[in-house]
Each structure stands twice: as C-alpha cells, then as structure tokens.
Amino acid sequence: SKLNFNLEEIVLNMLELALIEKLTDVLEKEASVYEDFLSIQKGKTDILVNGNISELEKMIKTEQSFFEEIQGLEAEREQIIEQIAQKTKTDSSALNLTWMINNYVKPEQANKLKSLRDKILNTINELKKVNEQNARLINNSLEYINFSINLIASASDSGSRYGNDGKEGKAERRSFFDIKL
C-alpha cells in the first residue's frame, strides 16, 4: 500500500514537472517571437521614415503571421495553465506566473520562470514604445499629406481674375481636385 502511494506520488510529480517544462518551452517560444516582432517593428520605423510604401505593405503581411503565431502560443499556454489549475484545484483565472513562482514550482524552476516573465514584459514594454513612435510618424505623414492637399487646393485662390468684359472681378475658388472645399 505504501509502495502504491509512493508510485502514485511519483507519477503525479512527473506530470507536474512535464507541465512546468511545457509551460517553460511555450514561454521561451513567446519570448523569442516577441523579440523577433520587436526587430520587425524597429524595421518598420525605418520604412516609415523613408516612406517606402511597398516595403510597408510587405511588413504588414509579416506582422499578421507574427500575430497568428503569438495567438497560437497564448492558446497553448492557456491550456497548460488550465491543466495546472485542475491539478492544484485552483481557479485558472487566478493563476498567473507570479502565483506559480510563489506557490507552485521549485526554486530553480521559479528562477527560470521569473527570467522569462521579465524578458517578455521588457520586450512588450519596448514594443509599446516603438509602436508609439511609429504611430507618431504615421500621424506626421498624414498631417503632411493633408497640408499638401490643402496647399494644392488653395493654390488657385490667389488674386483676381479678369472677366470677358476686361474688368477685374473676384477670383472663383477652383480646386485641382474634384472636391468641394
């Protein structure tokens, strides 16, 4: 009976270790994907600065594949968390890395999870900064385009015109574009 209990405990411990290893693997993949995505976003900054539209289109398609990969990894991570929640009889919504580090894993596993958590959070924070910069560049480009359109549209509004009778009349506002100003 005691031997069966020990064997059962060993099997449970092995299953828990396997779950933690799977979680660690998924987090390592997520960290790597986020770092790759960050380098793509930094490249996007250069593309925006240079105004290379065809490269920007390619970049947007590349971003989509990153989003799909991240979503897949997050779904995999959530499945592992659900399994851990069942084993620990804990609500899965209450489980996060901090809880696992403090309550569930061994110290060496905790250090690895802390390191991965910090790496992912730092990368996400840097991604936010780069995305904010890219958004500013896009807004600046839109403002310049609007300014240029207004400048072209109002270019014909300079001065007076002479009518058929040779007398000076008020210039009509004309637009180069087929729009109402």
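Where is the place of K89? K89 sits in the loop between α2 and α3, and we will come back to this residue below.

## Getting your bearings

Welcome to this structure, which is a predicted model. The protein has 4 helices and 2 strands. Starting at the N terminus, the order of the elements is α-α-α-α-β-β.

Of the 181 residues in the protein, 25% are buried. The protein exposes about 13,000 Å², and 52% of this comes from carbon and sulfur atoms. Among the contacts with a separation of 6 or more, 61% are between residues 24 or more positions apart.

## The nonpolar core

Let us go inside. In soluble globular proteins, nonpolar side chains tend to be buried together. Here the largest nonpolar core has 29 residues, and those that touch the most other members are L23, L27, I84, M100 and L113. Four helices each supply at least two residues of this core: α1 (2–50), α2 (53–88), α3 (97–103) and α4 (107–154). The helix that gives the most to the core is α1, with 10 residues.

L113 is a good residue to start from when you look at the model. Leaving aside residues up to four places away in sequence, L113 touches L23, T24, L27, L97, I101 and V105. One of these partners, T24, lies in helix α1. T24 has a relative accessible area of 12%, which is under the 20% cut-off, so T24 is buried. With residues up to four places away again left out, T24 touches K112, L113 and L116.

## A closer look at α2

How far apart are the end C-alpha atoms of α2? They are 52 Å apart, and this agrees with the 52 Å that its 36 residues should span at 1.5 Å a residue. The buried residues in α2 are L56, M59, E63, F66, I70, L73, I80, I81, I84 and A85. I84 is also one of the core residues that touch the most other members.

After α2 comes K89, with a positive phi. Most residues other than glycine have a negative phi. K89 is a residue other than glycine, yet its phi is near 55°. K89 also counts as exposed, because its relative accessibility of 75% is over 50%.

## Salt bridges

How many salt bridges are there? The count comes to 7. Three of them are described here, beginning with the pair of K112 and E28, whose closest N and O atoms are 2.9 Å apart. K112 belongs to helix α4 and E28 to helix α1, so this salt bridge ties together parts that are 84 residues apart in sequence. K112 is partly exposed, with a relative accessible area of 38%, and E28 is partly exposed as well, at 32%. K112 is also among the residues that T24 touches.

Next is the salt bridge between E30 and R77, where the closest N and O atoms are 2.9 Å apart. Since E30 lies in helix α1 and R77 in helix α2, the pair ties together parts 47 residues apart in sequence. Are these two residues buried or exposed, or in between? E30 is buried, with a relative accessible area of 4%, whereas R77 is partly exposed, at 24%. The third pair, K58 and E55, meets through its side chains at 3.3 Å, N to O. Both residues lie in helix α2, 3 residues apart, about one turn of the helix. K58 is exposed, with a relative accessible area of 51%, while E55 counts as partly exposed at 31%.

## A nonpolar patch on the surface

Finally, let us turn to the outside. Which residues form a nonpolar patch on the surface? They are I138, L142, Y144, I145, F147, I149 and L151, and together they have about 690 Å² of accessible area.

I138 is a handy place to find this patch in the model. I138 lies in helix α4, and its relative accessibility of 37% makes it partly exposed. Helix α4 is also one of the helices that supply at least two residues of the largest nonpolar core.

Terms used
Residues numbered from 1 in each chain as written. Predicted model: local features only at pLDDT ≥ 70, side-chain atom pairs only at ≥ 80, totals over all residues. Heavy atoms only, no water. Core = buried A, V, L, I, M, F, W, Y, C linked by side-chain atoms within 4.5 Å. Buried < 20%, exposed > 50% of the residue type's maximum accessible area, 1.4 Å probe, protein only. Contact = heavy atoms within 4.5 Å. Patch = residues over 30% accessible without salt bridge, like charges linked within 9 Å, V, L, I, M, F, W, Y side chains within 5 Å. Areas by Shrake-Rupley, 256 points an atom, 1.4 Å probe, with all protein chains shown as cover. Salt bridge = Lys/Arg side-chain N within 4 Å of Asp/Glu carboxyl O. Expected span 1.5 Å × (residues − 1).
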